[in-house]
Amino acid sequence: MTTLTDRYFQTLAERLETVRSTQGEAIEKAAEACAKSIAAQKLVFTFGTGHGALPALESFPRTGTIVGFRPIVESTMISFHHVWGDMGARQYRFIHAQEGYGKAIMRSHQIDPADTMILFSHSGINAVIMDIAMECKERGITLIGVTSLPHSSSTPSRHSSGKRLFEVADVVIDTGIPRADANLRIEGLESPVGASSTSVTIAIAHAIVSLTAEKLVQQGVHPHVMVSPNTTDKEKANIQNDENYEQLWRRLKAR
């Protein structure tokens, strides 16, 4: 008997396989852009709002990730799990729809034209994401969009530009996730359950980081890799990771 758990994991496996078999070239191009920025002592910024912030967070500092990736985390757009009270769901719904906020984020991080930006957005239509996307295009910053073409191509933009992320990004990685994201049906329940967009985008994020590391090695550039203190000699791991943090600080200090 096939259980709901079986159906969920089968769906997730199918969606990951679709990305693996169709998005290799796009991920390759993304890694090339990231490696170019990191080799030049620049940064690869990662950003998303809501659940899109989770793959951005996974890019660094995480075991197996490398120095050069720099998540942008806006607490107003990731802490809405409170639902009620400070930084709740209603504040999030308001803020991520406000044009101008993304431009303020860009100014706060002093982003260089030789940097790369990766934006994670399932819909790719909302104001803050598109603010940052449009600003990247104006400044000539390489922009990678990780988004759902099935969703975004069937949904109007909510930005004054009328653009969606996939229409602006230099490199588009299509998650292939259906518009509704969740698609497991339970008899007697109207709405589907079982979202998978976050799992797929996190996998894409790690694929980009890993391939970037390989490309740097091929170029003769030594990537600084984060290691786990919980599986190796703790003191040795901490020394290596502290050096990684110093490497990141050198890049930031040069801004």
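I started at phenylalanine 45, which stands opposite arginine 70 in β2. The model I am reading is a predicted one. The strand pair involved is β1 (residues 44-48) with β2, joined in the parallel sense over three bridges.

**Sheet**

I then traced the sheet around this pair. I found an open sheet of five strands in the order β2-β1-β3-β4-β5, with parallel pairing. I looked up the edges next: β2 (69-71) and β5 (171-174) each have a single partner strand, so one side of each is left without a neighbour in the sheet. I noted the twist as well: neighbouring strands are turned by 20° against each other on average, direction ignored.

**Helices on the sheet**

I checked which strands α2 reaches. Helix α2 packs on the sheet and touches β1, β2, β3 (116-121), β4 (142-147) and β5. The direction of α2 makes about 135° with that of β5. I looked at α6 in the same way: α6 lies across β1, β3 and β4 and runs at about 155° to β3.

**Aspartate 131**

I went on to single residues in helix α6, beginning with aspartate 131. Is aspartate 131 buried or exposed? Its relative accessibility is 2%, so I entered aspartate 131 as buried. Leaving aside neighbours within four places in sequence, I listed its contacts as Gln98, Glu99, Gly100, Tyr101, Gly102, Lys103 and His159. For one of these I have a distance: a polar atom of the aspartate 131 side chain lies 3.4 Å from the backbone nitrogen of tyrosine 101. I also took the C-alpha separation between aspartate 131 and alanine 104, which is 9.3 Å with their positions 27 residues apart along the chain.

**Glutamate 135**

Glutamate 135 is also placed in α6, which covers residues 127-139. I entered glutamate 135 as buried because its relative accessibility is 12%, and the cut-off for buried is under 20%. Not counting residues up to four places away in sequence, glutamate 135 touches Lys103 and Met106. I found its C-alpha atom 8.4 Å from that of glycine 102, the two residues being 33 apart along the chain.

**Glutamine 23**

Last I looked up glutamine 23, in the loop between α1 (4-22) and α2 (24-39). I noted 11% relative accessibility, so glutamine 23 counts as buried. Which residues does glutamine 23 touch, not counting those up to four places away in sequence? I found Thr18, Val172, Ile173 and Asp174. I also recorded a polar contact of 3.1 Å between the side chains of glutamine 23 and threonine 22.

Notes
Residues numbered from 1 in each chain as written. Predicted model: local features only at pLDDT ≥ 70, side-chain atom pairs only at ≥ 80, totals over all residues. Heavy atoms only, no water. Helix = DSSP H or I, 4+ residues; strand = E, 2+ residues; numbered from the N terminus. Buried < 20%, exposed > 50% of the residue type's maximum accessible area, 1.4 Å probe, protein only. Polar contact = N/O pair within 3.5 Å; in protein donor to acceptor, adjacent residues only side chain to side chain. Contact = heavy atoms within 4.5 Å. Pairing = 2+ DSSP bridges. Axes fitted to C-alpha atoms, helices over the stretch in contact; angles between N-to-C directions.
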